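Student: Please take me through one part of this model in close detail. Start from a single side chain and work outward from there.

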Amino acid sequence: MDTQTFLIAAIIKIALVAFLLLTGVAYTTWLERKIIGRIQNRWGPTRVGPFGLLQPLADGIKFILKEDMVPDNVHKGLYILAPMLALSMALISIAVIPFGETITVNGTQTALQITGVPQPGQPHPGDINIGLLIILGVTSIGVYGIALAGWSSNSKYALLGSLRASAQMISYELALGLSLVGVLILAGSFSLRAIVDSQAGAWFWHIPRWYIFPQLIAFFVYLMAAYAETNRIPFDLPEAETELVAGYHTEYSAMKFAMFFMAEYLNMITVSCIATLLFFGGWHGPLFGPPLLQSLLPVFWFAAKIFVFMFVYIWIRGTLPRFRYDQLMAFGWKFLLPLAIANIIVTSFIVAVWGHS
Amino acid sequence: MLDNNYFIRYLPLLIQVGVGIALAAVMVTLSHLLGKHKWTPAKNSPYECGITPTGDAQGRFSVKFYMVAMLFILFDVEAVFLYPWAVIARKLGMFGFWEMLVYIGLVLVGFFYIWKKGMIDWNKPERNEA
């Protein structure tokens, strides 16, 4: 495969992934409204199309046709930059996520990952070896989008919301980053492909070798921190409707308002992808049937695992109340952070004693 | 064969960065072009529950937020320092474990200090500088 084919394949993959992702985001909103409706003994959207399936499309058209307001006294440049920053950073972090092994189209083998590199003569494709660091770095830049949105709006609610959001996100980022260290010790690589490959196979009694079993505490810390990072219930203090109107996007309207939501849902998908890759064996699952089915099943398993995570997100939103802010900070700093550090010490000790396998 | 150039592998990421920014820019521009614009002074004032906004919003805010940001920088640098060690922890074996235990111990001393100092107690009233 020469460089030209490689780049063309990359562009095709980027277009496909962007399309699937944005459709996925749209239908996550539909799914959320539908499930929350059912949890609250309502129907959810039913009018637009069968089962309300065209509702996301109607929402999108409405968002883009609404009046695009820029209030007085805002810092105009940053005000427009903020939603763009939030959305584009959420889109970029998807690039390093692998969703399967390889597929062969017209004799050209290509990895099912935007940054994946086929290795000649080997069945497994390669990967840029700092995938996880790129995700952590890019999602951290996303915090700027929220901080700038609140500050540039020149509104008290927006400022309070963005301050809360920034403090919360950077606090939980520590726990999030430290919870991943346990998996890194076990896998010994930053490459997401290498981490997934090290989870292939099964222990005795057909228990899959997923890192959820040895790293259960790390997974718990990761899940809590990920919920806080994406500003979802029970950590949705930044947009607490009862006290802050809408938090950092109070002053936004039309598509700019929607872009913050798209970024939020994209980030939900990204953290679900990382949880799947690091703790649930990525695309590994039972394979059966004809060759075509066998080549498609890994992608299906990957999507199914992500779907489960998204469902849990929505389920928790329909179940739990909101934290108080001091409880939130105490939970992050005094509980999750020590727990993550303890997990690192125990994991590295066990690996140091019995790890030479 | 793919060129033996390490940079080539990062080109798709660079394209994705371009696509991400372009998509966001197109959305903002389309929304600006398609939506109607009918601005009135009342509509353009910042939202404050319908009453006339008082004062400027970009004033002072609680020092606790700065404290959290400072602590984040300190601890995040420490967390990032753990990453390269974690990747080769298996090869380093017992030696690496003890070395890192000393490091984590030092971090925990600092953590204990800020905990006792009350920097992460959100409800603690700020000290009177009398």
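Tutor: In this predicted model, a polar atom of the A:T230 side chain lies 3.2 Å from the backbone oxygen of A:Y227. A second polar contact, of 3.2 Å, joins the A:T230 side chain to that of A:Y313. A:T230 belongs to the loop between α7 (216-229) and α8 (241-244) of chain A. Its relative accessible area is 5%. The cut-off for buried is under 20%, so A:T230 counts as buried. Leaving aside residues up to four places away in sequence, A:T230 touches A:E264, A:N267, A:M268, A:V271 and A:Y313.

One of those neighbours, A:E264, leads on to charged groups. A:E264 is linked with A:E32, A:R232 and A:R317 in a network of salt bridges. Side chains of opposite charge can pair when their charged atoms come close. Within the network, A:E32 forms a salt bridge with A:R317, and their closest N and O atoms are 2.8 Å apart. The two residues are 285 residues apart and link distant parts of the chain. A:E32 sits in helix α1 (residues 3-39) of chain A, A:R317 in helix α10 (residues 291-317) of chain A. Their accessibility can be set side by side. A:E32 is buried, with a relative accessible area of 2%. A:R317 is partly exposed, at 35% relative accessibility.

Now the salt bridges beyond the network. The whole structure holds six salt bridges over all chains. One of the pairs is A:R33 with A:D59, at 2.9 Å from N to O. A:R33 lies in helix α1 of chain A and A:D59 in helix α2 of chain A, so this salt bridge ties together parts that are 26 residues apart in sequence. Both partners are partly exposed: A:R33 has 37% relative accessibility, and A:D59 has 22%. Another salt bridge brings together the side chains of A:D326 and A:R324, again at 2.9 Å from N to O. A:D326 counts as buried, with a relative accessibility of 14%.

Next, the nonpolar interior. The largest nonpolar core has 133 residues. The members that touch the most others are A:Y222, A:L278, A:F279, A:W333 and B:W85. Helix α5 (residues 156-187) of chain A gives the largest share of this core, 18 residues. Apart from it lies another core, of five residues, including A:W30, A:I35, A:I36 and A:I314. Back in the largest core, A:F279 is worth a closer look. Not counting residues up to four places away in sequence, A:F279 touches A:V183, A:Q199, A:W210, A:Y211, A:I212, A:Q215, A:A218, A:F219, A:Y222 and A:I274.

Last, the surface. A nonpolar patch there covers about 1,000 Å². Chain A supplies A:Y27, A:F51, A:L53, A:L54, A:L57, A:I61 and A:L65. Chain B supplies B:V26, B:L30, B:L33 and B:L34. Two elements give two or more residues to the patch: α2 (55-65) of chain A and α1 (11-34) of chain B. α1(B) gives the most, with four residues. B:L34, in helix α1 of chain B, is partly exposed at 44% relative accessibility.

Methods:
Residues are numbered from 1 along each chain as its sequence is written. Chains are lettered from A and ligands numbered from 1 in the order in which they are written. This is a predicted model: local features need pLDDT of at least 70, side-chain atom pairs count only at pLDDT 80 or more; totals for chains, interfaces and linings use all residues. Side-chain values use heavy atoms; hydrogens and water are left out. Buried means under 20% relative accessible area, exposed over 50%, partly exposed in between (1.4 Å probe, protein chains only). A polar contact is a pair of N or O atoms within 3.5 Å; within protein, one must be able to donate a hydrogen and the other to accept it, and residues adjacent in sequence count only if both atoms are side-chain atoms. Contact means heavy atoms within 4.5 Å. A nonpolar core is a set of buried Ala, Val, Leu, Ile, Met, Phe, Trp, Tyr and Cys residues joined through side-chain atoms within 4.5 Å. Patches are made of residues with over 30% relative accessible area and no salt bridge: like charges are joined within 9 Å, nonpolar side chains (Val, Leu, Ile, Met, Phe, Trp, Tyr) within 5 Å. Accessible areas come from the Shrake-Rupley method with a 1.4 Å probe; for residues, only the protein chains shown count as cover. A salt bridge is a side-chain nitrogen of Lys or Arg within 4 Å of a carboxyl oxygen of Asp or Glu.
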